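Thank you all for making time this morning. I would like to walk you through one structure, slowly, for those who have not seen it before.

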Amino acid sequence: MLTTYFGHSCFAVTVNGKQLLFDPFISPNPLAKHIDLKKIKADYILISHGHEDHIADVNLLADSTGALVISNFEICEWLSKKGIKRCHPMNTGGKWLFEFGKVKCVRAEHSSSMPDGTYGGNPMGFIIESTEGNFYYAGDTALNYDMKLIGDFRKLDFSFLPIGDNFTMGIDNAIIASDFIRCNKVIGMHYDTFESIKINREEAFSKFQRAGKDLTLFNIGEAINVTVKQLSKT
Ligand code: NI
Ligand code: MN
């Protein structure tokens, strides 16, 4: 699955020929200045929660790409008032079959309000299951015991976990989360964008390695064909 990083928690993943874009926060991110928004394609835009650093570019990109936005009910309501016409509202615990595969919304232990203060519903993570593989996009979340449920009932090929600490779990808790979800292939997100979430990369890599896990940190703009084999060190 071709995966491109646009900074912070924004990734595009191609699943069965459809491009899924997660949590677009690109134009306000000084680290992503070299990314040309006009070149980004998306068939679906998935929004984990209402915070600005996850939805900043959703209006612009939904417009330019014509993508269907998938998010919680409250965020879809808010976006529709902002003129976004194509929205598929969901909520925690629900699943829906789209043309690329299945999306299941899972709990994220965080908060969710819109940039104007409107209630933003439940923060969520997404599990994507498809004929090409399964992955978990955690959104912003603390480590929580419900993550064990994710690992109990399906096999994940890789997962996107926040590692920047302060607003979400940090490196040590992400390693425990990867045990809970039973997935050793981790792509880090939600780090370095702000002063309070700067990480020490060497420390992150060595901690994951010591735990017998693979951590991948993309450069912003980098695209990697993520398969279990290529993410594995052996
Ligand atoms: Ni947040
Ligand atoms: Mn955030």
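I will begin with the two metal sites and then turn to the aromatic rings.

Please keep in mind throughout that this is a predicted model.

Let us start with the nickel ion, ligand 1, whose protein donors are His49 through NE2, His51 through ND1, His110 through NE2 and Asp140 through OD, lying 2.2 to 2.3 Å from the ion. If you follow these donor residues along the sequence, their spacing reads H-x1-H-x58-H-x29-D. How is the arrangement around the nickel ion classed, and why? The four donor atoms subtend angles of 88 to 178°, and because four donors count as tetrahedral only if all angles lie between 85 and 135 degrees, while square planar has its own limits on opposite and other donors, the arrangement is described as irregular. For orientation, the ideal angle for four tetrahedral donors at a metal is 109.5 degrees.

Now to the second metal, the manganese ion, ligand 2, which is coordinated by Asp53 through OD, His54 through NE2, Asp140 through OD and His190 through NE2, at 2.1 to 2.2 Å. Here the donor residues are spaced D-H-x85-D-x49-H in sequence. Within this site, His54 belongs to helix 1, residues 52-55, whereas Asp140 sits in the loop between strand 10, residues 133-137, and helix 4, residues 147-153, so that the pair links distant parts of the chain, 86 residues apart.

You will have noticed that one residue was named twice, and indeed Asp140 coordinates both ions, which are 3.0 Å apart. Are these donors buried or exposed? His54 is buried, with a relative accessible area of 0%, and Asp140 also counts as buried, at 2% relative accessibility. His51, one of the nickel donors, is buried too, with a relative accessible area of 18%, a value to be read against the cut-off of under 20%.

Let me move on to the aromatic side chains, where the count comes to 17 aromatic pairs. One of them is formed by Phe22 and Tyr137, which are stacked at 4.4 Å centre to centre with 20° between the planes. This pair again links distant parts of the chain, since Phe22 is in strand 3, residues 18-22, and Tyr137 in strand 10, 115 residues apart. Both Phe22 and Tyr137 are buried. Ring pairs also link these two into a cluster with Tyr5, Phe11, Phe126, Phe135, Phe158, Phe160 and Phe218.

Note on methods: Residues numbered from 1 in each chain as written. Chains lettered and ligands numbered in written order. Predicted model: local features only at pLDDT ≥ 70, side-chain atom pairs only at ≥ 80, totals over all residues. Heavy atoms only, no water. Donors = N, O, S within 2.8 Å, 3.2 Å for Na, K, Ca; no water. Helix = DSSP H or I, 4+ residues; strand = E, 2+ residues; numbered from the N terminus. Buried < 20%, exposed > 50% of the residue type's maximum accessible area, 1.4 Å probe, protein only. Tetrahedral: all angles 85-135°; square planar, octahedral: opposite > 155°, others 65-115°. Phe/Tyr/Trp six-rings, centres within 6.5 Å; stacked < 30°, edge-to-face > 60°.
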